[in-house]
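Me: I have a structure open and would like to understand the words people use for it. Could you go through some of them with me?

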Amino acid sequence: MAAREGNLEAPTRHPIAWQSPDYYDEAATFQELERIFDICHGCRRCVSLCGSFPTLFDLVDEGKTGEVDGVEKKDYWKVVDQCYLCDLCYMTKCPYVPPHEWNLDFPHTMLRAKAIKFKQGGVSFGEKFLSSTDVHGQFAGIPVVVQVANAVNQTKPARALMEKTLNVDRNAWLPALATRRFRSAAPKSADTQVKDGERSPGKVAIFSTCYVNYNEPGIGLDLLKILAHNGVPYELVEKEKCCGMPKLELGDLESVDASKRANIPVLAKYAREGYAILSAVPSCTLMFKQELPLMYPDDADVQAVREAMWDPFEYLAARRRDGLLKTEFPKPLGKVSYQVPCHSRVQNIGKKTEELLKLIPGTFVHTNERCSGHAGTFGVKKPYHEVAMKIGKPLFKKMAEHPEGGAPDYISSDCPLGGHHIDQGFDRNGLGAPRLEHPLSLVRMAYGLD
């Protein structure tokens, strides 16, 4: 049968066989990389997505033969290191993903290579520390320590030292530690009657995420205010550990497994009790919706959590369709330039944040679907920070040109880290100084809630 150009069916994902010894066979992995690189070289549709593809195409074009066989195998790592697992090539560009017979999964092949590199000791201490969000978040909530740490981290000598020891670019934006953690600041839910809808459970369990808990608790508190305003009872999950996404991006799959063993038994209990589990960081939500289910396809608890996990705006949109969401918004927001993060797009839930924001009278939403370039820890690392700013530049410029004219009043992204990267991009490129607010904070403001 002749090979078809492109694929006419919805993409499907194969399980990640990370527990098989064959998964870490470097020769077999390089053979698969060569196969995939050859297809990518002949297609080139993904050239504008990230640094991996231009790096690959330059290696091929400048090689001895002008084909993939002219590229040194050791140079394959240059392509792998530029991939930050955004998944956009798989979900939005590649015509050869399964069930196409060429069975091309670029991100998960990069993950396999990253896992081999990690096992071989090719990942630095700085990269490991940056991805250990539970470790450096432990200082959050200790007022004097937080004040000192936040102040010191903004000084030039401290940033120079971090660049030298942790490979953190001295010019990259870094989050501050919160003086009070979300999990200790969160008020208890009112004793509200559970109202299940046709499409939405009537009670919510909140998976805080490391970032909201340790760095920006206000995002989580705004989510709770929105739920309370709409009469949705909630509770914070009993205990939690990092979702594992930062470790996945490093190829540290054993650490991902440790997080899974800590989180899944707790979350599965909520899933089976009929809770909607909400996570306000798209990468964390995606970890439970896609990556862990592919790593543990036969684990019933993992699959139960996948079914119960919601993006906050996915949940709020479902409540609206059930007639259970208040849609009176007394405060207009004006011009909002909003970015859909990559890990929101990969969830295939549609533009639910845009849908909610457009309900607010006197609010003009300019939606943008380009990558910000931040990509977790990628955008703060010395070798890649300027690359990340370059990847994001078309987005920054597009967001600065609101269709209603002039600069926006607000810039916003469901990804908090991506939002700050966009904010820095505005500053770096002289695009004005609109106010950065998370979409949940915008909805809280529009409701007129303090």
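Reply: Happily! Let's start with a rule: a charge sits over a ring if NZ of Lys or CZ of Arg is within 6 Å of the ring centre and within 35 degrees of the ring normal. Keep in mind that this is a predicted model.

Me: What makes Lys269 count as sitting over the ring of Tyr270?

Reply: The charged end of Lys269 is 5.6 Å from the centre of the Tyr270 ring, and the cut-off is within 6 Å. Lys269 is listed as sitting over that ring. Lys203 is listed too, with its charged end over the ring of Tyr275, 4.5 Å from the centre.

Me: Why is the pair Phe53 and Phe57 called tilted?

Reply: Their planes stand at 40°. Stacked needs under 30 degrees and edge-to-face needs over 60, so an angle that meets neither counts as tilted. The centres are 6.4 Å apart, and the limit for a pair is within 6.5 Å.

Me: Where do Phe53 and Phe57 lie along their helix?

Reply: Both belong to helix H2 (residues 52-61), and because they are 4 residues apart, about one helical turn separates them. Phe53 and Phe57 are both buried. They also belong to a cluster linked by ring pairs, together with Phe30, Phe37, Tyr76, Trp77 and Phe106.

Me: What makes Trp310 and Tyr315 an edge-to-face pair?

Reply: Their planes are at 90°, and edge-to-face asks for over 60. The ring centres are 5.6 Å apart. Trp310 and Tyr315 are both buried. In total, the model has 15 aromatic pairs.

Me: How do you know that H20 and H21 are roughly perpendicular?

Reply: The axes of H20 (residues 385-400) and H21 (residues 416-428) cross at roughly 80°. The range for roughly perpendicular is 65 to 115, so the name fits. The two axes come within 9 Å, and the residues that meet include Met389 and Phe396 from H20, and Ile422 and Phe426 from H21.

Me: How do you know that S1 and S2 pair?

Reply: There are 3 bridges between strand S1 (residues 204-207) and S2, in the parallel sense, while the rule asks for at least two. One of the partnerships joins Ile206 to Leu236 in S2.

Me: Why are S2 and S4 said to stand at the edges?

Reply: The open sheet has 4 strands in the order S2-S1-S3-S4, with parallel pairing. S2 (234-236) and S4 (309-310) each have a single partner strand, so one side of each is left without a neighbour in the sheet.

How values were computed
Residues are numbered from 1 along each chain as its sequence is written. This is a predicted model: local features need pLDDT of at least 70, side-chain atom pairs count only at pLDDT 80 or more; totals for chains, interfaces and linings use all residues. Side-chain values use heavy atoms; hydrogens and water are left out. Helices (H or I, at least four residues) and strands (E, at least two) are DSSP runs, numbered from the N terminus. Rings of Phe, Tyr and Trp (its six-membered ring) pair if their centres lie within 6.5 Å; planes under 30 degrees apart count as stacked, over 60 as edge-to-face and the rest as tilted. Buried means under 20% relative accessible area, exposed over 50%, partly exposed in between (1.4 Å probe, protein chains only). Axes are lines fitted to C-alpha atoms, for helices over the stretch in contact, and angles run from 0 to 180 degrees between N-to-C directions. Angles under 35 degrees count as roughly parallel, over 145 as roughly antiparallel, 65 to 115 as roughly perpendicular and the rest as oblique. Contact means heavy atoms within 4.5 Å.
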